[in-house]
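Trainee: Got a minute to walk me through this one? I'd like to start with a single residue and work outwards.

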Amino acid sequence: MKNRAASIVLLGAMGTVAVSAPIDMTIDPVLSTIDLDMTVDVSVASDTDTESSPLSGSLRVEFDDAGNPTEISLHDLNVVIDETLSFNWAFGFFGSADADLLAGEVTWGSTDAFVGPVPIDEGDFVLPDVPVALQGTLNVFYDIFLVGTGSESINLADQGDFLTQIDGSVSVSGDTITLTSVIPLNATTPLMDSSGATLGTLTVSGSANIVATAPVPGCPADLNGDGVLDFFDVSAFLSAYSSMDPLADFDGNGVFDFFDVSAFLSAFSAGCP
């Protein structure tokens, strides 16, 4: 009766469509960098300074098949600028300005939507119109002729979201997935003095060059190891469950009961990455 009851439950679940689950990929700070250009344009002059930093953080992606991906979706990103970036702008006779960027990040925009799926062609992909936002505080100190002397703290989040195209590539080696991508950046915000008067504009541009990795997720419900979840995996579970084979002890407590059936069903419904 135990095996028959399990058969009824499992066969009733065969109509469930197995889907892949998002994967959190870790950004490698040794291989990932950001090159950030900041241009200050005031009424009398403009100048650009460039700084770089290692990156850390994570990307949340979804593949149709993590072991052999042919499609990718991007669900989330949180790219951390690891170092404080210091900028200097020189305007010659007109003066200069300095700034430090603290707690800088590149994050997902203010939307719950994800981007994709898009095809992976020979390892390469293009994700169009990805909503991203810059985060962090830019503390600016300036002494500029006809503009004045003062300081300002700029919240880069005030620049709002912007859409960017992310080009990248995916490779699988052994049990590791590696994603390499470039995130172009471009956003502008006004420079204001303490009274609210506009001094000029600040434009942030550049690119985040990212290398992120994750282990290829396992597929515990693929009991026959063919990479596909179907009736044959159900049959293998029923056979193991009937003979009290440890293969069917899905909750790992040494007892063969409904909780093992439930755990197998959950794994089967989650699908293979």
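**Starting from one serine**

Mentor: Sure. Serine 205 touches Asp35, Leu36, Asp37, Leu185 and Asn186, leaving out residues up to four places away in sequence. Keep in mind that this is a predicted model.

Trainee: Okay, and which strand does serine 205 lie in?

Mentor: Serine 205 is part of strand β12.

Trainee: Is serine 205 buried or exposed?

Mentor: Buried: its relative accessible area is 17%, and the cut-off for buried is under 20%.

Trainee: What joins β12 to β2?

Mentor: Ten bridges do, and the two strands run antiparallel. For one facing pair, look at threonine 39, which stands opposite threonine 203 in β12.

Trainee: And how many bridges join β2 to β3?

Mentor: Nine, and that pair runs antiparallel as well. Aspartate 37 stands opposite threonine 50 in β3. β2 and β3 make a hairpin, with three residues between them.

Trainee: Which side chains of β2 point to the buried face?

Mentor: Ile34, Leu36, Met38, Val40 and Val42 point that way and are buried. Thr33, Asp35, Asp37, Thr39 and Asp41 point to the other face and are not buried.

Trainee: Why do the side chains swap sides like that?

Mentor: Because in a regular strand the side chains alternate between the two faces of the sheet.

Trainee: Changing topic: how many residues are in the largest nonpolar core?

Mentor: It has 58 residues, and Leu77 and Leu202 have the most contacts inside it. Strand β8, residues 124–144, gives the largest share of this core, with nine residues. Apart from that core lies another, of 16 residues, including Leu223, Leu238, Ala248 and Ala267.

Trainee: What does leucine 77 touch, then?

Mentor: Not counting residues up to four places away in sequence, leucine 77 touches Ser58, Leu59, Val106, Thr107, Trp108, Val132, Ile166 and Ile183.

Trainee: What about rings? How many aromatic pairs does the structure hold?

Mentor: Nine. Phenylalanine 93 and phenylalanine 94 form an edge-to-face pair, 5.5 Å centre to centre with 75 degrees between the planes.

Trainee: Why does that count as edge-to-face?

Mentor: Because planes over 60 degrees apart count as edge-to-face, and here the angle is 75 degrees.

Trainee: Is phenylalanine 93 buried or exposed?

Mentor: Phenylalanine 93 is exposed, with a relative accessible area of 69%. Phenylalanine 94 is partly exposed, at 27%. Elsewhere on the ring topic, Phe237, Tyr241, Phe264 and Phe268 form one aromatic cluster.

Trainee: Let's zoom out. How many helices and strands does the chain have?

Mentor: Three helices and twelve strands. Of the 273 residues, 41% count as buried.

Trainee: What's the radius of gyration of the chain?

Mentor: The chain has 26 Å, but a compact globule of 273 residues would have one near 19 Å. Its C-alpha atoms fill a box of roughly 90 × 35 × 30 Å along the principal axes.

Trainee: Last thing: where is confidence lowest in the chain?

Mentor: Helix α1, residues 2–12, is lowest, at a mean pLDDT of 54. Strand β5, residues 85–90, is highest, at 96. The chain's mean is 86, and 92% of its residues reach 70 or more.

Technical notes: Residues are numbered from 1 along each chain as its sequence is written. This is a predicted model: local features need pLDDT of at least 70, side-chain atom pairs count only at pLDDT 80 or more; totals for chains, interfaces and linings use all residues. Side-chain values use heavy atoms; hydrogens and water are left out. A nonpolar core is a set of buried Ala, Val, Leu, Ile, Met, Phe, Trp, Tyr and Cys residues joined through side-chain atoms within 4.5 Å. Buried means under 20% relative accessible area, exposed over 50%, partly exposed in between (1.4 Å probe, protein chains only). Helices (H or I, at least four residues) and strands (E, at least two) are DSSP runs, numbered from the N terminus. Contact means heavy atoms within 4.5 Å. pLDDT is the predictor's confidence in each residue, from 0 to 100. Rings of Phe, Tyr and Trp (its six-membered ring) pair if their centres lie within 6.5 Å; planes under 30 degrees apart count as stacked, over 60 as edge-to-face and the rest as tilted. Two strands pair if DSSP finds at least two bridges between them. The radius of gyration is taken over C-alpha atoms; the globule rule is 2.2 Å times the number of residues to the power 0.38.
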